[in-house]
Amino acid sequence: MSNAGTALLALKYFQNKLKKARREVILYNVTLKVLRKSRDLDKAEKLFEEMLERGVKPDNVTFSTLISCARACSLPGKAVELFEKMPSHGCEPDDVTFSAMIDAYGRAGNVDMALSLYDRARNEKWRIDRMTFSTLIKMYGTSGNFDGCLNVYEEMKALGVKPNMVVYNNLLDAMGRAKRPWQAKNIYKDMTSNGYLPNWSTYASLLRAYGRARYGQDALAVYREMKEKGMELNVILYNTILAMCADLGYIDEAFKIFEDMKSSGTCNPDSWTFSSLITICSCSGKVSEAEALLDDMLEAGFEPNIFILTSLIQCYGKAQRIDDVVRTCNRMLDLSITPDDRFCACLLNVMTQTPKEELAKLTECIEKANSKLGNVVKLLLEEQGSEGNFKMEASELLNLISNDVKKAYCNCLIDLCVNLNLLEKACELLDLGLMLEIYTDIESRSPTQWSLHLKSLSLGAALTALHVWINDLSKALESGEEFPPLLGINTGHGKHNYSDKGLATVFESHLKDLNAPFHEATDQVGWFLTTEDAAKSWLKSRNSPELVTA
């Protein structure tokens, strides 16, 4: 009963001995079960054809055995084909077969049919096996219905079906793609408390989950555990953790991981690997290291892509090497790479760090990359007679570019205005940003507090918003408007990953320069507060609005 060849011989023997077996279908079904155990679908299908040729009518057991054999052989399409033949042979599927078909349809890609059967299974309380639950979780995860994954998991536990490693790993993978690392942690805890030890797939799913969500220390802990257990990472996992290090400013860790990757002997860096490392060097101002990595990349046979060239421009900009910025821009055009909005945003950011006498070089680069942006920058740099045109052109530009870079463009353009002491144009841009809802909820008013919220603004945009707010407060005072007991400025408490300075640090100094009575709150990090009386007294003492300077 375990050897397919012997079972087929036994079937022939009984067929010859029992010339007119009343229930010959039972002999076939028993033999099919042996073939299923051997996972030999080819022989099982041939036996099914022979059965039909002999005029033996298949029953539900015949089809359920064939379908489960197809599932065991990871051939869900064949299982669906067999299932759909049942009605033509007068067979009505039972709940066990229906439950198996949830898995088969799901794995064959017919999601609608799988979900329809699953709804029926819940209503009619069919027994569903772990393999089917695992497929449902994977199916929901692939379609982006991550709550559906968790609902299936909870239903599974409620029905007393114990998850196996495949179920846990599918759940962890889904939570990683959903960017829900906290739920991945809970599932991992369930898994280990139920006696399962993590395997490579578990660690890979956790590393992706923590890496994508920028859970830096958790991701590094998983990485170290994998290395301690001698598990090899593939290039995708290495790139995931290196991209996370680039975003979080983990410089030393990134280069240690890069060395591990190179010495692994099984995994070679690709262009994405070099892109993350060059980004790290660029953000931390390591020009020579970025150039060395570029040379290594070229030697490995990879051409720089737009992400790498954008990082290099950022790096040269920080180092005030404007000629190298221009050279990199020209190199991009020589490679026939089309500049995108992010590349142009990076050029704008470099302009905010560039001395006035070298801005013309960058204006030419921006014109080549985006003529509309180039026109706005030229109007900004003109000193007279362009105010009306400037706001109109800036509005057209901001309406054309993609939403994810609108704030970056607006921030950089305002920063450039502030650097050049063009307060009026800075205010025009801020007003435009508010009108186009690029900036939202900058000001709030309640009966107890008026506040200015600057967390999402660049330094120049924040200083401009402060200037406008102070002028608005002065007007409110002059018109006799009732002030609340408290006024506050919220700069946030975050710092750039590659810098020790945050907006709060700069603002503390700037508020002192203005002699403004705002003081950092001891119990609210990033908040500067003052009282109604102190604010009124200070506003009355100001003879005229100060120009905002960075």
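**Figure 1. Val525, placed in the loop between strand 4 and strand 5 (527-531).** In this predicted model, the loop residue Val525 is exposed, with a relative accessible area of 56%. Val525 and Thr491 are separated by 34 residues in sequence, while their C-alpha atoms lie 8.9 Å apart in space.

**Figure 2. Asn515, a residue of the loop between helix 27 (503-513) and strand 4 (519-520).** The backbone of Asn515 has a phi near 60 degrees, which is a positive value in a residue other than glycine. Asn515 is exposed, and its relative accessible area comes to 62%.

**Figure 3. Ile489 and its surroundings in the largest nonpolar core.** The core shown here comprises 174 residues, and those with the most contacts inside it are Tyr409, Ile489 and Phe507. Its largest share, 10 residues, is contributed by helix 26 (residues 459-478). When neighbours within four places in sequence are left aside, the contacts of Ile489 include Leu452, Leu454, Leu466 and Trp469. Also in contact with Ile489 are Phe507, Leu511 and Phe518, together with Gly526, Trp527 and Phe528.

**Figure 4. Helix 20 (residues 341-351) and the helices that pack against its buried residues.** Helix 20 is largely enclosed by the rest of the structure, because 8 of its 11 residues are buried. The buried residues of helix 20 are Phe343, Cys344, Ala345, Cys346, Leu347, Leu348, Val350 and Met351. These buried residues pack against helix 18 (306-318) and helix 19 (322-334), and also against helix 21 (359-369), helix 22 (371-381) and helix 24 (403-419).

**Figure 5. Thr328, a buried residue in helix 19.** The relative accessible area of Thr328 is 3%, and the residue is therefore counted as buried, for which the limit is under 20%. With residues up to four places away in sequence not counted, Thr328 touches Leu309, Leu312, Ile313 and Tyr316. For one of these, Leu312, the separation from Thr328 is 16 residues in sequence and 7.5 Å in space, taken from C-alpha to C-alpha.

**Figure 6. Arg208, a buried residue in helix 12 (residues 200-212).** Arg208 has a relative accessible area of 19%, and so falls among the buried residues, since these are defined by a value under 20%. Apart from its neighbours within four places in sequence, Arg208 is in contact with Asp173, Leu237 and Thr240.

**Figure 7. Asp431, a partly exposed residue in helix 25 (residues 423-435).** The relative accessible area of Asp431 is 38%, and the residue is therefore classed as partly exposed, because the value lies between the buried limit of 20% and the exposed limit of 50%. Asp431 and Ala465 stand 34 residues apart in sequence, and the distance between their C-alpha atoms is 9.3 Å.

**Figure 8. Ser74, in the loop between helix 4 (60-72) and helix 5 (76-83).** Like any such value in a residue other than glycine, the phi of Ser74 is noted here for its sign, being positive and near 55 degrees.

**Figure 9. The chain as a whole, given as context for the close-up views.** The secondary structure of the predicted chain consists of 28 helices and 5 strands. Along its principal axes, the C-alpha trace spans about 115 × 60 × 45 Å. The radius of gyration of the chain is 34 Å, whereas a compact globule of 550 residues would have one near 24 Å. Of the 550 residues in the chain, 50% are buried, and among contacts with a separation of 6 or more, 65% join residues that are 24 or more positions apart. The chain exposes about 26,900 Å², of which 49% is supplied by carbon and sulfur atoms. The chain carries 63 positive and 73 negative charges, and the mean positions of these two sets are 12 Å apart.

Definitions and conventions
Residues numbered from 1 in each chain as written. Predicted model: local features only at pLDDT ≥ 70, side-chain atom pairs only at ≥ 80, totals over all residues. Heavy atoms only, no water. Core = buried A, V, L, I, M, F, W, Y, C linked by side-chain atoms within 4.5 Å. Buried < 20%, exposed > 50% of the residue type's maximum accessible area, 1.4 Å probe, protein only. Helix = DSSP H or I, 4+ residues; strand = E, 2+ residues; numbered from the N terminus. Contact = heavy atoms within 4.5 Å. Rg over C-alpha atoms; globule rule 2.2 N^0.38 Å. Areas by Shrake-Rupley, 256 points an atom, 1.4 Å probe, with all protein chains shown as cover. Lys, Arg positive; Asp, Glu negative; His and termini not counted. Charge placed at Lys NZ, Arg CZ, Asp CG, Glu CD.
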